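Here is a short report on one protein structure. Keep the sequence and the 3D view at hand while you read.

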Amino acid sequence: MAAKATKEMVLVIGACGQLGSELTLELRYLYGGANVVAADIAPPKQAELLESGPFEQADVLDMKALRHLASKYTFTHIYHLAAILSAAGEKNPEFTWRLNMDGLLHVLDLAREQKTARVFWPSSIAVFGPHTPRHHTPQYTPMDPNTVYGISKQAGELWCAYYFEKYGLDVRSLRYPGLISYKAPPGGGTTDYAVDIYHKALKEQKYACYLREDTFLPMLYMPDAIIAALDLVQAPASQVTVRSAYNLGGMSLAPKDIAAAIHEHIPAFEISYQPDYRQQIADSWPQSIDDSSARHDWGWKPAYDLPAMTADMLQNLKTNLSANAPLPL
Ligand code: AKB
């Protein structure tokens, strides 16, 4: 996507996370570094995030701090990404509900008060549950999430649609599947294995997977996830017909598929399986997603398949590993 001259002022909340750290850099490329404020509860570990534009330390649960930020910068766009994910959320359900729910409501209220033009908030395939059809899951279908993360995302989708209907707030959302990336690690998701496996393959040539070998889940490579967010936010409002959150498919992958793709590059790689509590969460989620609404409305089309993603992941992780390797004495 080409950089463009713009008057947009963008806030990214949760800018240091797996999605935020890459999306923030892409937004800075598009809108100019000074026009994209990265905010998170703690300063970034990635120097690039600090050096490429403003950083503000802020807690999304602190409405006063958010109002202070908004009056300092006057944002036209807010990307609210801060959340506790599915597996971590089960360890502290009460706080997960508070952070995920109050955090979203704070951002929606702030955007309403400040007349922010657009808000992006990611939902997840975690909104689905055991009674949802697991193959080619439709956009509109039974949803009975059984994690606090999934419940918060489902409620969040309804709040987004409510703020759009009642207050005209232009909030847009996607149901992300598992995201695979090499820059920042994911934290506390059920799909995290699909990132860890690449790290361990390069470092140890083996990986003990906490899901069964045949656990198919929808997954997406980060460059596609970022394009999806940008394309949805930039689509004309008349094309956005889903005001809860769009289904977004990518690849339908099981651990054995990723292991086989890695094996093509690292023949010594071995995988073993030790399912834990995350298996039950994975078993309640879809295996593949019908994302025809996103394709029809704003032209969604992922670019990466498993072989292309695996080659890119391994090459970039290898480069990162050798850049961080200790210098020979
Ligand atoms: C998780 O595993 O919790 C997340 C998600 C699918 O939203 N990656």
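The report covers the sheet, the cores and the cysteines.

## The sheet

This is a predicted model. One open sheet has six strands in the order 3-2-1-4-5-7, with parallel pairing. Strand 3 (55–57) and strand 7 (171–172) form its edges, and each pairs on one side only. Strand 7 runs parallel to strand 5 (residues 118–120), joined by two bridges. Phe-120 stands opposite Arg-172 in strand 7.

Two helices pack on this sheet. Helix 3 (residues 63–73) touches strand 1 (10–13), strand 2 (36–40) and strand 3. Its direction makes about 155° with that of strand 3. Helix 5 (residues 93–114) touches strand 1, strand 4 (77–80), strand 5 and strand 7. The direction of helix 5 makes about 175° with that of strand 4.

## The nonpolar cores

The largest nonpolar core has 38 residues. Ile-180, Tyr-193, Tyr-198, Ile-258 and Met-309 touch the most other members. Several elements give two or more residues, including helix 9 (255–265) and helix 12 (306–324). Helix 7 gives the largest share, seven residues. Domain 1 (10–178 + 220–247) and domain 2 (179–218 + 250–287 + 304–323) both contribute, so this core lies between them.

Look at Met-309. Among its contacts are Ile-180, Tyr-198, Tyr-221 and Met-251. A second, separate core holds 37 residues, including Leu-27, Phe-120, Leu-232 and Tyr-246.

## The cysteines

How many disulfides does the structure hold? The count is zero. Cys-160 is buried, with a relative accessible area of 0%. Cys-209 is buried too, at 0% relative accessibility.

Notes: Residues numbered from 1 in each chain as written. Predicted model: local features only at pLDDT ≥ 70, side-chain atom pairs only at ≥ 80, totals over all residues. Heavy atoms only, no water. Disulfide = S-S within 2.5 Å. Buried < 20%, exposed > 50% of the residue type's maximum accessible area, 1.4 Å probe, protein only. Core = buried A, V, L, I, M, F, W, Y, C linked by side-chain atoms within 4.5 Å. Helix = DSSP H or I, 4+ residues; strand = E, 2+ residues; numbered from the N terminus. Domains from an automatic or database assignment. Contact = heavy atoms within 4.5 Å. Pairing = 2+ DSSP bridges. Axes fitted to C-alpha atoms, helices over the stretch in contact; angles between N-to-C directions. Lists of a residue's contacts leave out its neighbours within four places in sequence.
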